[in-house]
Amino acid sequence: MSGNSARRQAIRDVRAYVPPAPSYTAAETPGEIFGENVFSKVVMQKRLPKSVYKSVMATIEHGARLDPLVADAVASAMKDWALEKGATHYAHVFYPLTGLTAEKHDSFFEPVGDGTALAEFAGKTLVQGEPDASSFPNGGLRNTFEARGYTGWDVTSPAYVLENPNGNTLCIPTVFVSMTGEALDHKTPLLRSQQAMGEHAERILRLFGHTDPARIVSFCGPEQEYFLVDRHFFLARPDLLNSGRTLFGAKPPKGQEFDDHYFGAIPERVLGFMMDTERELFKLGIPAKTRHNEVAPGQFEIAPMFERGNIAADHQQLLMTTFKSVAKKHGMACLFHEKPFQGVNGSGKHVNFSLGNNELGSLLVPGDNPHDNAQFLVFCAAVIRAVHKYAGLLRVSVASATNDHRLGANEAPPAIISIFLGPTSSPTSSSRSPRARQPRPRTRAPW
């Protein structure tokens, strides 16, 4: 079939589109389903002995060393809860250097001597797994005979049940390390950096009179942009199918010149997709908050509420997986490529972050009188100093051929690293002077 014929057939198929039946009912309350598939603190408090629950909470909230004696109790409760949710397998989920999510499924059921099967899940199985690491990127860290890899339970990120038409699976977030302790994933460096940051943040807080501050953690909220394309058009384009972007084609007669798509009315078909995805995200405890049209035609954005950095990173991977599966149900393809179409804006993942704890709130928020708030100024200066000193590392973390060519018109390029503190009054100016308030210039680090 020629290209023109394939496109005409795709258009006919699109016009014949029939939306799927809604997966929710009018009687369903979104607040009630939130987190129903998550082995959350509330679930643990109900199912674990009080001493075991306190031990797990000490690890999550204060970074205490995990007591191996509690692992069996947690594993047993987690197994019973997952079986009630219809799970037949469990999987240690990790994030290798491929940039993708990896998992190996194992069945809860093991045969016994009388010809039946018994569901088992021991504490040592929960804490540590042993997938083959020989085929994952390792950066040349080890020899072939040291290719064994280990997954380790990340207690700070809750386990969850992932639903699938072909069966449910208990997913356990884990780190992935070599037999000699080198990080083979993206989660291990994140947890190590969190630990280092927390130690030094608490050291500074003690200098300001906080004798026993609660653990300092980072919070972030990634704003995910994406494109939606009808699957008939998607499957008719081998370049989109194989690379996630177009490699050839004509510029559309109308692009984003008028900015009329941005924050415009959400199309009915897209809104149906969004409502379905949000329902699935709620069940997984992902706090989806905002949805809207983005700048480019066919581009949209979802923004969740902020969470602990480690959990937010795990939820971001889950979000992308959910979007792709739900889009297929609605006859569309969801594109996360940074620059799928030439001539219009690409898709970014803007991350808002802060540092703090439940007692002090955000350490990067000034008080009523910022000039007298020495604690805020110290942490603010530390962030500015870190961006200046380690700008190269920040740049490397986002540098790629696709991301560097992502934008089409409306935002600063990723090659520019800048800090903007906002306008402020000049400390030496008089309130009677018409020039009393002067904006502080933005600092920029060109690369």
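This briefing describes one helix pair and one pocket. The structure is a predicted model. In it, helix α7 and helix α11 pack with their axes 10 Å apart, while the second largest pocket has a volume of about 1200 Å³.

**The pair α7 and α11**

- Helix α7, which covers residues 187-207, packs against helix α11, which covers residues 309-329, at an angle of about 160°.
- Because angles over 145 degrees count as roughly antiparallel, α7 and α11 are described as roughly antiparallel to each other.
- The crossing in which α7 passes α11 is right-handed.
- On the α7 side the contact is made by K187, L190, L191 and Q194, and these meet G309, N310, A313 and D314 on the α11 side.
- By character, the residues of this contact between α7 and α11 comprise three nonpolar, three polar and two charged.

**The second largest pocket**

- The volume of the second largest pocket is about 1200 Å³, and of the 39 residues that line this pocket, R7, V229, R237, T246 and F341 are the closest to its centre.
- Two or more residues of the lining come from each of these elements: α1 (3-15), β9 (217-230), α8 (231-235) and α10 (268-283).
- Among the elements, α1 gives the most to the lining of the second largest pocket, contributing six residues.
- Sorted by character, the lining of the second largest pocket holds 22 nonpolar residues, together with nine that are polar and eight that are charged.

Note on methods
Residues are numbered from 1 along each chain as its sequence is written. This is a predicted model: local features need pLDDT of at least 70, side-chain atom pairs count only at pLDDT 80 or more; totals for chains, interfaces and linings use all residues. Side-chain values use heavy atoms; hydrogens and water are left out. Axes are lines fitted to C-alpha atoms, for helices over the stretch in contact, and angles run from 0 to 180 degrees between N-to-C directions. Helices (H or I, at least four residues) and strands (E, at least two) are DSSP runs, numbered from the N terminus. Angles under 35 degrees count as roughly parallel, over 145 as roughly antiparallel, 65 to 115 as roughly perpendicular and the rest as oblique. A crossing is left-handed if the near helix is turned anticlockwise from the far one by less than a right angle, and right-handed if clockwise. Contact means heavy atoms within 4.5 Å. Ala, Val, Leu, Ile, Met, Phe, Trp, Tyr, Cys and Pro count as nonpolar, Asp, Glu, Lys and Arg as charged, and the others, Gly among them, as polar. On a 1 Å grid over the protein atoms alone, a cavity is a set of points where a 1.4 Å probe fits but cannot get out, and a pocket is an open set with protein on both sides within 12 Å along at least five of seven lines; lining residues have an atom within 4 Å of a point. Grid points are joined across faces, edges and corners, and a volume is the space filled by probe spheres set on the points.
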